[in-house]
Amino acid sequence: MEQFDLLHVVWLGIARELVASVMLDMVEFGVPEIRADTWDAGLSTLHLKLAEWCRQRGIRQSTVEELSVLAC
């Protein structure tokens, strides 16, 4: 019998899509200091702000390491 795999259903599925949608909304409509002329610039700024937020709270950078793809 098949069972749901929470990793694939949530992390690689709906959660990934939800987080991406929220990030794009933040760049386009949301936080004024994140708005930029291009999607790449806005997502890069969001990534830097997220990394700074994590550093201030003692959260390891590797926790959000996969987001570094956005800064490329």
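## A walk around a two-helix model

Start with the whole protein shown as a surface: its accessible area comes to about 5900 Å², and 62% of that belongs to carbon and sulfur atoms (areas by the Shrake-Rupley method with a 1.4 Å probe; for residues, only the protein chains shown count as cover). What you have open is a predicted model, where local features need pLDDT of at least 70 and side-chain atom pairs count only at pLDDT 80 or more, while totals for chains, interfaces and linings use all residues. Numbering runs from 1 along each chain as its sequence is written, and side-chain values use heavy atoms, with hydrogens and water left out.

**Colour by confidence.** Average pLDDT (the predictor's confidence in each residue, from 0 to 100) is 77 for the protein, and 75% of the residues score at least 70. Now select residues 68-72: pLDDT is below 50 there, and beyond near neighbours in sequence this stretch has six contacts in the model (contact means heavy atoms within 4.5 Å).

**Switch to cartoon.** You should find two helices and zero strands (DSSP runs numbered from the N terminus: helices are H or I with at least four residues, strands are E with at least two). Buried residues make up 14% of the 72 residues (buried is under 20% relative accessible area, exposed over 50%, partly exposed in between, with a 1.4 Å probe and protein chains only). For contacts between residues at least 6 apart in sequence, 16% join residues at least 24 apart.

**Select Leu6, Val9 and Val10.** Together they make a nonpolar surface patch of about 260 Å² (patch residues have over 30% relative accessible area and no salt bridge; nonpolar side chains, meaning Val, Leu, Ile, Met, Phe, Trp and Tyr, are joined within 5 Å, like charges within 9 Å). Click on Val9, found in helix α1: at a relative accessible area of 39%, Val9 is partly exposed.

**Select Met23, Val27, Ile34, Leu43 and Leu46.** Those five residues form the largest nonpolar core (a set of buried Ala, Val, Leu, Ile, Met, Phe, Trp, Tyr and Cys residues joined through side-chain atoms within 4.5 Å). Helices α1 and α2 are the elements that give two or more residues to this core. Which residues does Leu46 touch, leaving aside its neighbours within four places in sequence? Met23, Met26, Val27 and Ile34.

**Hop to Ala41.** This one lies in helix α2 and counts as partly exposed, at 33% relative accessibility. Draw a distance from its C-alpha to that of Val27, and you should get 9.2 Å for residues 14 apart along the chain.

**Now the loop.** Gly30 sits in the loop between α1 (6-28) and α2, and with a relative accessible area of 35% it is partly exposed. Leaving aside neighbours within four places in sequence, Gly30 is in contact with Asp25 and Arg35. Val31 is also found in the loop between α1 and α2, and at 23% relative accessibility Val31 counts as partly exposed. Try another distance here: the C-alpha atoms of Val31 and Leu46 are 9.5 Å apart, with their positions 15 residues apart along the chain.

**Last stop: Arg55 and Glu52.** How many salt bridges does a search of the whole structure find? One (a side-chain nitrogen of Lys or Arg within 4 Å of a carboxyl oxygen of Asp or Glu). The side chains of Arg55 and Glu52 meet in a salt bridge at 2.5 Å, N to O. The two are three residues apart in helix α2 (residues 39-56), so about one helical turn separates them. Is Arg55 buried or exposed? Exposed, at 56% relative accessibility, whereas Glu52 counts as partly exposed at 32%.
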